[in-house]
Amino acid sequence: MRAFIRFLFSIALFGLVFLAHIAVRYIFSLPLGTVNVTLAALSIMVIFAGRGSVVWASFFIHFLLELWSSIPFGIVLFSGTMSVLLTYWLFHFVLTNRSWYLTLAVTAFCVLLYRALFLFALLGSALTREGEFRSLDSAWLLYGWEIVTTSALVHIVYGGVEAWRRLLHPRRTITWTV
């Protein structure tokens, strides 16, 4: 019964992240509208949860986003899942220090890798089909804003959680283990 409740909670959390991502994209204007809530939530899960199940969470959330998007099927799913997988691997097996600047770097790496894989998959789709590939003149500015705002959001959440943790346990240090 406990596993079933945890499963339902996970599904509800994934749906909430999906709805928050759509809401931020459509409600806010340029600087705040570029926050990638999905990658921010998944980066926070990579930083704090430390389990490989975050890759499956990424797959499910990006599948929902894939159903919502108008680009060819599989581009968002592939780029999102692969960027979270490589970010998980990088954060847990290469960069093992849990500091605030590494959380910024890992989140920026995740969004940058997501956008790079997204562009390559979109270009491959445009080359193999008779699709169109738009100019990237304004895309680089939007991608830059996306990296900055998403990293800032994760940094604020990480700082808040760390301050709360130190407030609750001032003498005891808690390490986030895998």
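What share of the 178 residues in the protein chain is buried? In this predicted model, buried residues make up 39% of the chain.

**Overall fold**

The secondary structure of the protein chain consists of 7 helices and 0 strands. Read from the N terminus, the order of elements is α-α-α-α-α-α-α. The radius of gyration is 17 Å, close to the 16 Å given by the globule rule for 178 residues, so the chain is as compact as a globular protein of that length. The C-alpha trace spans about 60 × 40 × 35 Å along its principal axes. Of the contacts in the protein chain with a separation of 6 or more, 65% come from residues 24 or more positions apart.

**Packing of α3 and α7**

One helix pair can be described in detail. Helix α3 covers residues 37–48 and helix α7 covers residues 137–168; their axes lie 9 Å apart and make an angle of about 40 degrees. Because angles from 35 up to 65 degrees are neither roughly parallel nor roughly perpendicular, α3 is oblique to α7. The crossing of the two helices is right-handed.

The residues that form the contact are listed by helix below.

| Helix | Range | Residues in the contact |
|---|---|---|
| α3 | residues 37–48 | Ala40, Ser43, Ile44, Ile47, Phe48 |
| α7 | residues 137–168 | Thr150, Leu153, Val154, Val157, Tyr158, Val161, Glu162 |

By residue class, the contact of α3 with α7 divides into 9 nonpolar, 2 polar and 1 charged. The charged residue is Glu162 of α7, and the polar ones are Ser43 of α3 and Thr150 of α7.

Terms used:
Residues are numbered from 1 along each chain as its sequence is written. This is a predicted model: local features need pLDDT of at least 70, side-chain atom pairs count only at pLDDT 80 or more; totals for chains, interfaces and linings use all residues. Side-chain values use heavy atoms; hydrogens and water are left out. Axes are lines fitted to C-alpha atoms, for helices over the stretch in contact, and angles run from 0 to 180 degrees between N-to-C directions. Helices (H or I, at least four residues) and strands (E, at least two) are DSSP runs, numbered from the N terminus. Angles under 35 degrees count as roughly parallel, over 145 as roughly antiparallel, 65 to 115 as roughly perpendicular and the rest as oblique. A crossing is left-handed if the near helix is turned anticlockwise from the far one by less than a right angle, and right-handed if clockwise. Contact means heavy atoms within 4.5 Å. The radius of gyration is taken over C-alpha atoms; the globule rule is 2.2 Å times the number of residues to the power 0.38. Buried means under 20% relative accessible area, exposed over 50%, partly exposed in between (1.4 Å probe, protein chains only).
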